[in-house]
Amino acid sequence: AGRCGPAQQRRTVPSILKELAEKRQLSEEIVSLLKAQFSDLPRELHSWRQMADYSPEMKQFACLLHLYHIKAYDYLRKILPLPHPYSLTNWLCSNEAAAGFSSDIFLRLQEKVERGDQAYRYCAVLVQDMSLQKQREWDPQTKQLTGFVDLGAGTLDADEAPLASEAIILMAVGMSSPWTAPLGYFFVNSTSGHFLAQLLRQAINKLNNIGIVVLAVTSGASACGAETARALGIRIDPKRSQCTFQHPPGSAHSVAYFFDVCHALLLIRNALQCFQKVEWLGDTVWWQHVVELAALREQRVFEPCSPESGRAGSKGSYHLKVNLATLLFSEGVAEALEHFQKLGLASFQNCSGTVKFVRLLSSLCNVFYGRGPCGKEPLLAGNYTKISNLLDEAKSFFVNLTDSVGRYIIKSKRKLGFLSFLLNAESLKWLSSNYTCPEGTPSHHLRTHAFSLDPLEQFLRALQQACGSSGSPTCTVFQAAYHKLLASCSLAPGSLHSGGNASPWDRSLSRRRDLTLGSIRAQYHPAPARTLAPEYPYSAGLLLPSSALSNALTDLSLYTQSLACTAGWVAEQLALDLQCEACLASLFEADESRLRCRSVLYIKKLGGVSLPSASVHHITSISEQVLNWYGKVGGADKNTKLCHLTLEQKVFQELLGESPLFPTLTNHLFEEDLSINNHYTVLVKEITRCYLNIRTNPAPHLNLKYPCGRHRLKRLKGKHLSPSPLGSCQSS
């Protein structure tokens with residue numbers, strides 16, 4: 001004890017930091033950063049105790065140490081007069097869209113809570129990172145160097161301080177109402193699970209302080225996400241699962257933890273692809289079934305024509321094709337596999353195990369994305385039993401999955417995707433038991449879509465777009481873009497401020513591009529360059545029978561047949577990029593009597609080009625009428641973009657008051673938030689734009705080939721087969 005007294009008196013702040021590093025309670029990197037950034041802070045312990053107020057440097061020191069290592073901070077609090085961790089929350093705030101928690105956002109949220117708005121009573125917190133370009137820059141306004149780590153308490157700009165390589169963004173999402181609020185961002189040079197855990201706790205503190213209860217947090221299903229969960233006290237184990245953590249630690253309030261469903265699905269896809277086949281209680285799931293489905297080429301299917309068609313004895317034909325916008329783990333893929341099995345295709349025999357696996361994951365996605373038969377379907381107290389049974393079935397399925405040699409998948413290196421779903425299931429059950437009340441009360445339902453990273457991903461895409469480049473932005477560019485988005489931020493439920501005009505389901509579809517049949521086909525069979533059918537845009541033969549649209553076109557001129565072919569080509573071009581299965585199916589004139597699912601289409605063809613649906617044909621016909629009228633009137637303005645916008649406006653005016661388009665999408669129109677850019681209106685706009693581009697600039701735009709020769713076409717009497725470009729609208 002006698003030796004301890006003098007030694008204790010000789011201890012300094014640097015020596016304590018070195019001691020913590022030797023005990024591996026702090027990394028050497030953090031110790032070096034603290035010494036470099038805070039070299040002006042008092043070294044002697046008694047100097048800290050004599051301070052009445054915390055200087056900006058002391059605040060920075062405390063925040064950095066707390067976020068990077070809570071145990072080291074707690075240890076130093078026994079020696080130095082460091083504040084309680086809850087006090088740090090106020091030091092991590094910022095104004096004018098600088099790094100840290102946004103004071104303005106929290107103030108606006110507090111105002112809504114104080115007005116008694118029940119929509120803001122509960123929320124979930126989402127966390128995601130965005131890569132940055134390391135670059136030191138001079139800010140002429142603040143007259144400081146930028147590009148360094150900044151946690152909201154000030155930039156760490158010492159010569160030895162690392163440059164920021166990532167931005168951590170947090171967002172609050174309403175649990176019973178679709179509002180979103182970007183809470184703030186933090187510049188870091190590396191991300192760890194322990195750091196994110198402390199950041200999440202600080203966010204929960206701030207929300208609790210203004211009267212908002214945080215029920216759940218969501219991170220990506222990744223190594224860092226798993227580390228974050230464990231740092232918060234989550235146990236990812238099917239036998240001893242712990243899906244909630246206490247906040248504040250030791251209190252009675254618990255917060256559920258979720259992994260992003262889209263990330264989990266990608267991990268399961270990768271696992272199935274790596275194992276090639278997995279088994280479950282006698283059933284076998286084969287990856288090859290999915291590969292064969294995605295790779296299935298368009299096939300011609302013949303059927304006898306009826307005497308009424310006027311061609312008795314001949315055969316009509318359909319072209320069977322797979323809808324590549326169909327999501328891998330969807331009811332559409334399950335029905336497609338069953339359909340091809342019934343047709344007797346050898347590649348799809350014995351696929352019942354694969355169908356069962358796909359159908360189970362499809363049902364789980366419907367639960368976690370809140371999609372029922374009528375679109376969005378929140379978790380209600382009344383449907384909990386049905387959902388609980390599904391979650392129990394999924395758990396039994398996942399824990400018994402084995403590879404080809406009998407090893408359990410849940411114990412393999414490809415387990416995280418399955419464990420993520422199991423943890424999400426436990427979290428959903430816990431929330432259902434504790435926070436769903438009888439219908440009619442303020443919190444009688446929960447929006448399961450709030451547990452997805454989709455809203456935050458949409459915000460990040462809008463942020464990337466505001467940055468003006470597809471690469472990683474610098475800190476300066478990021479801050480300017482964030483400030484721009486925050487200025488237009490609206491916290492109203494259903495507001496689309498956080499990322500353009502996309503609906504939540506659009507965000508999900510965009511993120512799940514790698515989970516479509518098209519992505520699988522591209523992986524195994526890279527697509528050739530886009531080319532036109534050799535017969536485009538003319539057809540010398542008669543149109544296909546057995547279709548209302550086909551019959552209507554039978555007696556029309558070759559010019560109008562060409563218009564139908566052009567409309568069909570427009571549909572085919574749009575189908576290459578559409579990510580929505582329902583919208584893609586609505587583009588074509590299909591035989592729905594064969595199969596009601598939209599993952600397999602029976603399409604009629606005209607001169608090698610798919611016959612468009614009546615709605616696509618109608619839109620292109622109206623577009624052609626507007627073009628003819630505009631060509632006669634003429635126009636002095638040569639600006640192609642302005643000309644096209646004018647034409648589009650006139651087409652939309654003509655379509656107003658017409659009969660409803662895309663009748664198969666009537667329910668689909670109302671599945672998501674009603675916005676001007678829902679799937680219905682986007683289809684109309686894209687069809688119009690594509691057709692106008694073809695018509696005002698056909699040869700350069702399409703690189704058309706005329707198999708029968710231009711001179712032969714000119715000898716045909718009647719109207720033009722393909723009207724020449726309009727002078728006032730032709731692209732240069």
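Two strands count as paired if DSSP finds at least two bridges between them. With that criterion in mind, the tour of this predicted model opens at strand β6.

**Stop 1: strand β6 and its neighbours**

Select residues 166-174, which make up strand β6. Nine of the nine residues are buried, so the strand is largely enclosed by the rest of the structure. In a regular strand the side chains alternate between the two faces of the sheet. Colour the two sides of β6 separately: E166, I168, L170, A172 and G174 lie on one side, and A167, I169, M171 and V173 lie on the other. Both faces are covered, and every residue in these two sets is buried.

Add residues 122-131, strand β3, to the selection. Strands β3 and β6 run antiparallel and are joined by nine bridges. To inspect one position of this pairing, display L126, which stands opposite M171 of β6.

Next, select residues 180-188, strand β7. This strand is also antiparallel to β6, with eight bridges between the two. Show A167 together with F187, its bridge partner in β7. Following the chain from β6 to β7 traces a hairpin, with five residues between the strands.

**Stop 2: the aromatic rings**

The structure holds 20 aromatic pairs. Display W280 and F397, one of these pairs, whose rings are stacked at 4.4 Å centre to centre with 20° between the planes. W280 belongs to strand β11 (residues 277-280) and F397 to helix α15 (residues 384-399), so that the pair links parts of the chain 117 residues apart. Both W280 and F397 are buried.

Keep F397 in view and add F357. These two rings form a tilted pair, 5.7 Å centre to centre and with 45° between the planes. Here the link runs from helix α14 (residues 352-368), which holds F357, to helix α15, which holds F397, across 40 residues. Why does F357 count as buried? Its relative accessibility is 2%, and buried means under 20%. F397 is likewise buried, with a relative accessible area of 2%.

Now widen the selection to W280, F329, F357, F368, F397, F398, F418 and F421, which form one aromatic cluster.

**Stop 3: lysines over rings**

Which residue has its charged end over the ring of F106? Select K206: its charged end sits 4.8 Å from the centre of that ring. Finish at K321, which lies over the face of F588, at 5.2 Å from the ring centre.

Terms used:
Residues numbered from 1 in each chain as written. Predicted model: local features only at pLDDT ≥ 70, side-chain atom pairs only at ≥ 80, totals over all residues. Heavy atoms only, no water. Phe/Tyr/Trp six-rings, centres within 6.5 Å; stacked < 30°, edge-to-face > 60°. Helix = DSSP H or I, 4+ residues; strand = E, 2+ residues; numbered from the N terminus. Buried < 20%, exposed > 50% of the residue type's maximum accessible area, 1.4 Å probe, protein only. Lys NZ or Arg CZ within 6 Å of the ring centre and 35° of its normal.
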